[in-house]
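Here are some notes on the model, set out as numbered points for you to read beside the coordinates.

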Amino acid sequence: MVLFLDRGHVTTGRSLADGMLAVTGQGRRERAMKRCLRASVALLIAGCALVAVGCENTTPSPEEREALETAVGEYLNALASAYSTFDLEPLEGLAAPNEIAAVRKLIRQLGTTGDRLDSHLLLIEIDDMEVFREINATVRLVEVWDVLRYDATTGVEKGHTPNSIQYSLLQLREVSGRWIVVGRSVLRRETPAPPSEGEQGTSA
């Protein structure tokens, strides 16, 4: 057995080792408690952030609503022009680069079929509008389109939908004082059935 001298006291190697283990165990417990404390603080901060977001007033001001309505109308009319002419220039300044790239992809797909669209926006009806942190916004709306599809080479009409209804969601962001579209998703499409001959006679 190994003996250690500590200020007049004789200590065995076993008792010293036990003491070191006790100190080591205490250090581990302290570190574990600190980790738990840091995790609790992180969860508290995250919870406060979620509460703050949940309590945020997302109702746009009259000025924001007017600016968003203008941005939505300009973008959709520019989109119709892009589909009809295969020219993306009207979207510049109204949509973010990623949104313009998405439209370019759709136009290329349309071009592979040899079709071209002559689209006219007939109606915009905004269902809901929210603004987040003053620079992000979402707009849910109903779009009514008059869409003529024809052969790009011969000009022969291939289809005509005078009242195509699209339920869409636009995402916008304010950049340098101007709202631009960063994303558009069509949630649902409807094509009302044409009225019967009897209905056409009575409606006239």
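How buried or exposed is Lys158? Lys158 counts as partly exposed, at 47% relative accessibility, where buried means under 20% relative accessible area, exposed over 50% and partly exposed in between (1.4 Å probe, protein chains only).

1. This is a predicted model, in which local features need pLDDT of at least 70 and side-chain atom pairs count only at pLDDT 80 or more, while totals for chains, interfaces and linings use all residues. Residues are numbered from 1 along each chain as its sequence is written, and side-chain values use heavy atoms, with hydrogens and water left out.

2. Lys158 forms a salt bridge with Asp115 (2.5 Å, N to O), the term meaning a side-chain nitrogen of Lys or Arg within 4 Å of a carboxyl oxygen of Asp or Glu. Lys158 lies in strand β5 (residues 157–175) and Asp115 in strand β3 (residues 115–132), so the pair ties together parts 43 residues apart in sequence; strands (E, at least two residues) and helices (H or I, at least four) are DSSP runs, numbered from the N terminus. Asp115, at 7% relative accessibility, counts as buried.

3. The side chains of Glu143 and Arg184 also meet in a salt bridge (2.7 Å, N to O), linking strand β4 to strand β6 (residues 178–190) across 41 residues. Glu143 is buried at 0% relative accessibility, whereas Arg184 is partly exposed at 22%.

4. Val139, in strand β4 (residues 136–151), is buried, with a relative accessible area of 0%. Its contacts (heavy atoms within 4.5 Å) include Val72, Ile126 and Leu170, residues up to four places away in sequence not being counted.
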